[in-house]
Amino acid sequence: MLVSKHNDVVTVPEILSLEDFMANPPEGMEWVDEQLVEKTGMTLKHSEIQLNIGFYWRSYINSNQQGGKVYTEVPCRTYKQGRRPDVAYLTPELVTEFSDVPTLPQSFPLIAEVVSPTDLAEDEELFLKAQEYLQSGCEEVWLVFPESRLVFVITDNQVLGFKAGDVVSTQKVLLGFNVAVDELLS
């Protein structure tokens with residue numbers, strides 16, 4: 001696969017449309033504004049927090065026998081883009097319905113995006129991305145800011161902020177789940 005990179009935009013000639021992306025999503029890429037964009041900015045801390053969120057969500061669904069699956073960096077389609085949320089939860093019903101597709105044709109019900117140091121200059125973009133997820137079937141988005149030790153939980157009708165010393169909890173999906181912000185970001 002021929003890949004060229006210019007100003008963080010990666011062009012792959014075989015991927016011409018969002019439908020092409022959905023059928024064969026290239027690893028580590030998102031389809032944004034009709035172009036493939038490489039997800040960059042992963043650090044050790046980013047990866048550790050991503051794993052923490054996935055671990056806590058999965059432990060919760062296993063201990064409560066709630067079912068469903070937790071994924072990292074898995075492709076999904078929003079109303080206009082192809083995205084790869086850092087962490088995503090899929091309900092048992094949606095796992096059954098979409099278990100064999102290469103790209104989920106909607107947003108995941110619960111998504112977490114961990115803000116990397118390179119994202120900090122684009123905070124507004126992250127909130128716009130959360131809105132994009134919510135407009136595409138997602139019910140709840142967590143924006144996790146490791147450096148400032150903040151977690152924002154966003155739903156269609158509210159934005160809640162949690163800081164170091166607080167306990168963050170789900171609002172619409174995985175009801176009853178909570179974890180200390182300090183534990184999540186440790």
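Let me start at Arg83, which in this predicted model sits in strand 7, a short strand covering residues 82-83. Arg83 counts as buried, because its relative accessible area is 9% and the cut-off for buried is under 20%. What does Arg83 touch, once its neighbours within four places in sequence are left aside? The contacts are with Phe21, Glu30, Val32, Val74, Pro75, Cys76, Thr78, Lys129, Glu132 and Tyr133. Two acidic side chains from that list deserve a closer look: the side chain of Arg83 makes a polar contact of 3.2 Å with the side chain of Glu30, and a polar contact of 2.9 Å joins the side chains of Arg83 and Glu132. For Lys129, also on the list, the C-alpha lies 9.3 Å from that of Arg83, although the two residues are 46 places apart in sequence.

Turning to the partner, Glu132 belongs to helix 4, which spans residues 123-134, and Glu132 too is buried, with a relative accessible area of 4%. Besides Arg83, the contacts of Glu132 beyond four places in sequence are Thr78, Tyr79, Lys80, Gln81 and Ser107, and I would point out that Thr78 appears in the contact list of Arg83 and again in that of Glu132.

Cys76 was also among the contacts of Arg83, and that brings me to the cysteines. How many disulfides does a search of the whole structure find? The search finds 0. A disulfide is a covalent bond between the sulfur atoms of two cysteines. For Cys76 the closest cysteine sulfur is that of Cys138, and at 8.5 Å the separation is too far for a bond, given that the cut-off used here is 2.5 Å. Seen from the other side, Cys138 is in no disulfide either, and its nearest cysteine sulfur is that of Cys76. Both cysteines are buried, Cys76 at 0% relative accessibility and Cys138 at 6%.

Now to the sheet. An open sheet of 6 strands runs in the order 5-8-9-10-11-12, and its pairing is mixed. Which strands stand at the edges of this sheet? They are strand 5, residues 69-72, and strand 12, residues 159-163; each has a single partner strand, so one side of each is left without a neighbour in the sheet. On average, neighbouring strands are turned by 15° against each other, with direction ignored. Within the sheet, strand 9 and strand 10 pair in the parallel sense over 5 bridges, and in that pairing Ala112 stands opposite Trp142 of strand 10. Helix 2 lies across strand 5, strand 8, strand 9 and strand 10, and runs at about 160° to strand 9.

With that arrangement in view, let me move to the nonpolar cores. The largest of them has 24 residues, and those with the most contacts inside it are Ile53, Trp57, Trp142, Val151, Val168 and Leu174. At least two residues of this core come from each of helix 2 (44-63), strand 8 (87-90), strand 9 (110-114), strand 10 (140-145), strand 11 (150-154) and helix 5 (181-184), and helix 2 gives the most, with 6 residues. As an example from this core, Ile53 touches Val87, Ala112, Val114, Val144 and Leu184, if residues up to four places away in sequence are not counted. Apart from this core lies another, of 20 residues, which includes Ile111, Leu126, Val141 and Leu143.

Finally, some loop positions. Leu174, which I named in the largest core, is found in the loop between strand 13 (167-169) and strand 14 (178-180), and at 2% relative accessibility Leu174 counts as buried. Its phi is near 55°, a positive value in a residue other than glycine. Most residues other than glycine have a negative phi. Arg149 likewise has a phi near 55°; Arg149 is placed in the loop between strand 10 and strand 11. Is Arg149 buried or partly exposed? Arg149 is partly exposed, because its relative accessible area of 28% falls between the 20% and 50% cut-offs.

The last position is Thr91, in the loop between strand 8 and helix 3, the helix of residues 92-98. Thr91 is buried, with a relative accessible area of 18%, and its contacts beyond four places in sequence are Gly68 and Pro109.

Technical notes:
Residues numbered from 1 in each chain as written. Predicted model: local features only at pLDDT ≥ 70, side-chain atom pairs only at ≥ 80, totals over all residues. Heavy atoms only, no water. Helix = DSSP H or I, 4+ residues; strand = E, 2+ residues; numbered from the N terminus. Buried < 20%, exposed > 50% of the residue type's maximum accessible area, 1.4 Å probe, protein only. Contact = heavy atoms within 4.5 Å. Polar contact = N/O pair within 3.5 Å; in protein donor to acceptor, adjacent residues only side chain to side chain. Core = buried A, V, L, I, M, F, W, Y, C linked by side-chain atoms within 4.5 Å. Pairing = 2+ DSSP bridges. Axes fitted to C-alpha atoms, helices over the stretch in contact; angles between N-to-C directions.
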